[in-house]
Amino acid sequence: MRKPNPQKLIKVFNNWTLAIKNVSSPHQALVLYSQMHRQSVPFNSFSILFTLKSCTPLRNPSLVAHLHCHILKLGFVSHVYVATSLLNAYVVSCFDDACKLFDEIPERNIVTWNTMITGYSRSGDVNKAYAFFKAMTLRDVASWSAMIAAFMNNWKWNCGLSCFREMVANERLKPDEVTVGAVLSGCAHVGSLGLLAGRSVHAFIAKNGWNLTVEIGTVLVDMYAKCGLLKYACIVFNAMQQRNVMTWTALISGSAQHGYSDEAVSFFEAMQEAGVKPNEMTFTGILNACARKGLVKEGRKYFDMIEQYGLQTRIHHYGCMVDLYGKAGLLEEAYRVIGTMKVEPNVVIWSSFLSACKDHKQFQMADRVIKQVMETVKPESDGGVYSLISDLYVLNEKWDDAERVRKLMVNQYVRKTRGSSFIRS
DNA sequence: CGGATTGGCG
């Protein structure tokens with residue numbers, strides 16, 4: 001990896017603000033920012049804006065608070081752009097602080113309000129987001145897109161769709177790529193429930209003669225694939241002029257999700273032939289495909305490929321492997337995978353392993369992990385894994401143990417979020 | 001001289 005060199009940027013631009021704008025990491029931006037401070041270079045709104053923007057993805061509340069102090073001292077809170085950018089930084093790191101800041105901002109504009117809609121959306125309070133949306137005297141395309149996304153992300157996909165329809169009906173508003181992107185990713189999120197809506201959005205795109213850009217094409221492919229209409233996903237995919245990793249990943253993951261494992265494998269191979277480099281999510285998709293159909297040999301090959309591509313092996317990847325070996329009855333292998341993990345196993349991993357033990361009646365294998373599972377997973381945080389353990393004891397005719405575990409389960413009606421799909425093989 | 005905040009990472 002190349003070492004960042006902020007000094008060089010100053011020489012290149014001979015201008016602190018432009019140097020900050022052109023950094024490639026938040027760290028570089030902060031180095032330049034603190035140097036400006038030390039050398040008493042006067043700040044302007046631009047230098048603060050670029051620093052904020054580059055640090056926002058870090059989602060570090062204390063860093064944001066630190067920058068907030070500087071902004072207060074320099075008197076830039078009254079600058080709408082700076083204040084809004086700061087608000088956005090709080091929205092993604094600490095929403096409570098964002099709310100406090102919003103009340104203190106002396107001058108707000110549409111963008112400031114839009115940022116709050118997204119904030120409430122992210123915190124799961126779609127009603128509050130809608131209250132803000134309604135309270136606005138003027139709304140632009142971004143306001144509508146943010147509101148639609150808020151509905152979609154909070155499972156109010158029918159509200160999101162009627163919001164989109166309302167927008168389309170309004171002559172003065174023109175939905176753009178981001179708007180339909182929000183609608184379509186919402187449709188994809190709810191699976192086949194969103195298919196009808198997704199198709200109507202596709203019709204909208206076609207009717208208006210929009211170009212099938214990479215972004216639009218990818219969300220369409222994702223929507224159709226997640227809804228189980230692989231055929232339509234392929235039609236869109238083939239019609240696209242350009243495709244990127246996300247396009248391929250949408251196709252692969254969608255196929256895997258609906259049990260089209262062989263297709264997923266072919267798509268993965270075709271992607272490699274096309275010279276597109278897979279990312280971590282691509283591997284989650286292809287490993288998921290292998291797990292569903294018991295493609296052990298292929299799964300192992302792809303799993304090893306992750307590091308060959310210089311990517312990190314994430315917990316999802318391990319989860320797929322445990323699932324793959326577990327479903328195939330190779331419990332010893334699954335157990336070995338858990339042992340080699342570089343991160344702590346989570347409840348998903350344990351559930352997957354234990355349910356494989358249950359299916360294959362491998363009680364002694366389950367016994368090797370039960371103690372550890374019960375130590376790391378609290379019964380109130382996940383009842384599902386406790387009922388699995390109890391089931392295993394019952395099947396093994398260890399009635400006392402089964403009873404002991406059952407008593408630990410405080411709430412048997414644990415609500416579980418699950419994907420919805422009517423089209424499932 | 002210039003250089004701007006928001007809506008979407010599948």
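This is a short talk on chain A and the DNA strand beside it, in a model that is predicted.

Okay, let's begin with the overall picture. Chain A is a helical protein in this model: 25 helices and 0 strands. If you draw a box around its C-alpha atoms along the principal axes, you get roughly 75 × 55 × 45 Å. There are 425 residues in the chain, and 46% of them count as buried. And if you take contacts between residues at least 6 apart in sequence, 58% of those join residues at least 24 apart.

On domains, the assignment splits chain A into domain 1, residues 1-108, and domain 2, residues 347-417. Their centres, taken over C-alpha atoms, are 48 Å apart.

Now to the DNA. How many residues surround DNA strand B? The count is 33, and the closest are Asn 15, Asn 114, Asp 222, Lys 226 and Met 281. So what part of the strand is the protein up against? Of the strand B atoms within 4 Å of the protein, 33% belong to sugar or phosphate, and the rest belong to bases.

Let me give you some individual side chains to click on. On the phosphate side, Lys 53 has a polar side-chain atom 2.9 Å from a phosphate oxygen of strand B. Asn 88 also has a polar side-chain atom by a phosphate oxygen, at 3.5 Å. For a base, go to Asp 176, where a polar side-chain atom lies 2.9 Å from a base nitrogen of the strand.

Which helix gives the most to the surface near DNA strand B? That's α10, with 5 residues. Several helices supply at least two residues each, among them α4 (45-55), α6 (80-93), α8 and α14 (214-226).

Let's stay on α10 for a moment, residues 141-153, and look at Ser 143, which lies in that helix. Is Ser 143 buried or exposed? Its relative accessible area is 0%, so it counts as buried. Its side chain makes a polar contact with the side chain of Asp 140, at 2.7 Å. Leaving aside neighbours within four places in sequence, Ser 143 is in contact with Ile 110, Asn 114, Ile 117, Phe 133 and Met 136. You've met one of those already: Asn 114 is among the closest residues to strand B.

Next, the aromatics. The structure holds 19 aromatic pairs. Take Tyr 120 and Phe 132: the ring centres are 5.2 Å apart and the planes sit at 45 degrees, so this pair is tilted. Tyr 120 is in helix α8 (residues 110-122) and Phe 132 is in helix α9 (residues 126-135), with their positions 12 residues apart in the chain. Both of these residues are buried. They also belong to one aromatic cluster, along with Phe 95, Phe 102 and Trp 113.

Last item: arginines over rings. Arg 243 lies over the face of Phe 237, at 4.6 Å from the ring centre. Then there's Arg 368, whose charged end sits over the ring of Tyr 335, 4.0 Å from the centre.

If you open the model afterwards, I'd start at α10, with its 5 residues in the surface near strand B, and then find Ser 143 in that helix. That's it from me.

Note on methods
Residues are numbered from 1 along each chain as its sequence is written. Chains are lettered from A and ligands numbered from 1 in the order in which they are written. This is a predicted model: local features need pLDDT of at least 70, side-chain atom pairs count only at pLDDT 80 or more; totals for chains, interfaces and linings use all residues. Side-chain values use heavy atoms; hydrogens and water are left out. Rings of Phe, Tyr and Trp (its six-membered ring) pair if their centres lie within 6.5 Å; planes under 30 degrees apart count as stacked, over 60 as edge-to-face and the rest as tilted. Helices (H or I, at least four residues) and strands (E, at least two) are DSSP runs, numbered from the N terminus. Buried means under 20% relative accessible area, exposed over 50%, partly exposed in between (1.4 Å probe, protein chains only). A charge sits over a ring if NZ of Lys or CZ of Arg is within 6 Å of the ring centre and within 35 degrees of the ring normal. Domain bounds come from an automatic or database domain assignment. A polar contact is a pair of N or O atoms within 3.5 Å; within protein, one must be able to donate a hydrogen and the other to accept it, and residues adjacent in sequence count only if both atoms are side-chain atoms. Contact means heavy atoms within 4.5 Å. A residue is near a molecule or strand if one of its heavy atoms lies within 4 Å of it.
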